[in-house]
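The exercises below are to be worked through with the sequence and the three-dimensional structure in view. Each task is followed by a solution in steps.

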Amino acid sequence: MALSLTFIIALTFCVETASTAFNVETKNGWGRNSLFVCALAFGQALFYYLGGLLGNTFMPKFDSIAKIVVLVLCFMIAFRTITDTLKIKNGKNLFLIDKKKHLLILTIALGINPFIAGLMSNEAFLPLLGDMTPVYIFGCGIIWGLIGIGTKFSQIKLLINSLGNVLAALAILAVGIVTLF
């Protein structure tokens, strides 16, 4: 269970990173930013669920190499997280939401890693916490998002987000390696 929670916490850290810039503009109040965070967290849970539906249709064909598939998918998630880290460090990964379309695009972009994780939610691969996993993803996403909008924007926060993203990527990769053994 600790391994599953570590994976979920690391997987949802990107919500904190994405919500970093929500409180830059003073026109967005706490309530509106909280709704943005809820949308991002819900998107992560939904994409995990959709990935699980898709993964349950074809992933059983890979049962014989399940551990290797988990390692490869964890590596893919970690690689995407590391590439996001390079953008954070340069300040290019700041998302200001002006329209609903921007929020939708950001939600889809953040949902790719949970979608990949959902592909391996089958019992033979990495089932995490079973049917309750999307609920945990939603809850962790909200917590990370509230931390993101609750802390003041600064250059130090960008560095901390970069470090957090690297640690999240390493945690996801570690889960893949532990699953291999």
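**Exercise 1. Determine how far helix H6 is covered, and name its buried residues.**

Step 1. Helix H6 comprises residues 112-119; helices are DSSP runs of H or I with at least four residues, strands are runs of E with at least two, and both are numbered from the N terminus.

Step 2. Buried means under 20% relative accessible area, exposed means over 50%, and partly exposed lies in between, with a 1.4 Å probe and protein chains only. By this criterion 6 of the 8 residues of H6 are buried, and the helix is mostly covered.

Step 3. The buried residues of H6 are Asn113, Pro114, Ile116, Ala117, Gly118 and Leu119.

A note on the basis of these values: this is a predicted model, in which local features need pLDDT of at least 70 and side-chain atom pairs count only at pLDDT 80 or more, while totals for chains, interfaces and linings use all residues. Residues are numbered from 1 along each chain as its sequence is written, and side-chain values use heavy atoms, with hydrogens and water left out.

**Exercise 2. Describe the overall build of the chain.**

Step 1. The chain contains 8 helices and 0 strands, and from the N terminus its elements follow the order α-α-α-α-α-α-α-α.

Step 2. The radius of gyration is 16 Å, close to the 16 Å that the globule rule gives for 181 residues, so the chain is as compact as a globular protein of that length. The radius is taken over C-alpha atoms, and the rule is 2.2 Å times the number of residues to the power 0.38.

Step 3. The C-alpha trace spans about 55 × 25 × 25 Å along its principal axes.

Step 4. Of the 181 residues, 47% are buried. The chain exposes about 9200 Å², of which carbon and sulfur atoms supply 74%; the areas come from the Shrake-Rupley method with a 1.4 Å probe, and for residues only the protein chains shown count as cover.

Step 5. Contact means heavy atoms within 4.5 Å. Among contacts between residues at least 6 apart in sequence, 89% join residues at least 24 apart.

**Exercise 3. How many disulfides does a search of the whole structure find, and why is Cys74 not bonded to the closest cysteine sulfur?**

Step 1. A disulfide is a pair of cysteine sulfur atoms within 2.5 Å. The search of the whole structure finds 0.

Step 2. The sulfur of Cys74 lies 15 Å from its closest cysteine sulfur, that of Cys14, which is too far for a bond. Cys74 is buried, at 0% relative accessible area.

Step 3. For Cys140 the closest cysteine sulfur is also in Cys14, at 12 Å, again too far for a bond. Cys140 counts as buried, with 14% relative accessibility.

**Exercise 4. Characterise the surroundings of Cys14 and the place of Ala18.**

Step 1. Cys14 lies in helix H2, residues 13-18, and is buried at a relative accessible area of 14%.

Step 2. Apart from neighbours within four places in sequence, Cys14 is in contact with Gln44 and Leu110. The C-alpha atoms of Cys14 and Leu110 are separated by 7.0 Å, although the residues are 96 apart along the chain.

Step 3. Ala18 is also placed in helix H2 and counts as buried at 2% relative accessibility. Its C-alpha atom is 25 Å from that of Ser121, 103 residues away along the chain.

**Exercise 5. Where is Leu128 placed, and is Leu128 buried or exposed?**

Step 1. Leu128 is placed in the loop between H6 and helix H7 (133-150).

Step 2. Its relative accessibility of 12% makes Leu128 count as buried.

Step 3. The phi angle of Leu128 is near 55°, a positive value in a residue other than glycine.
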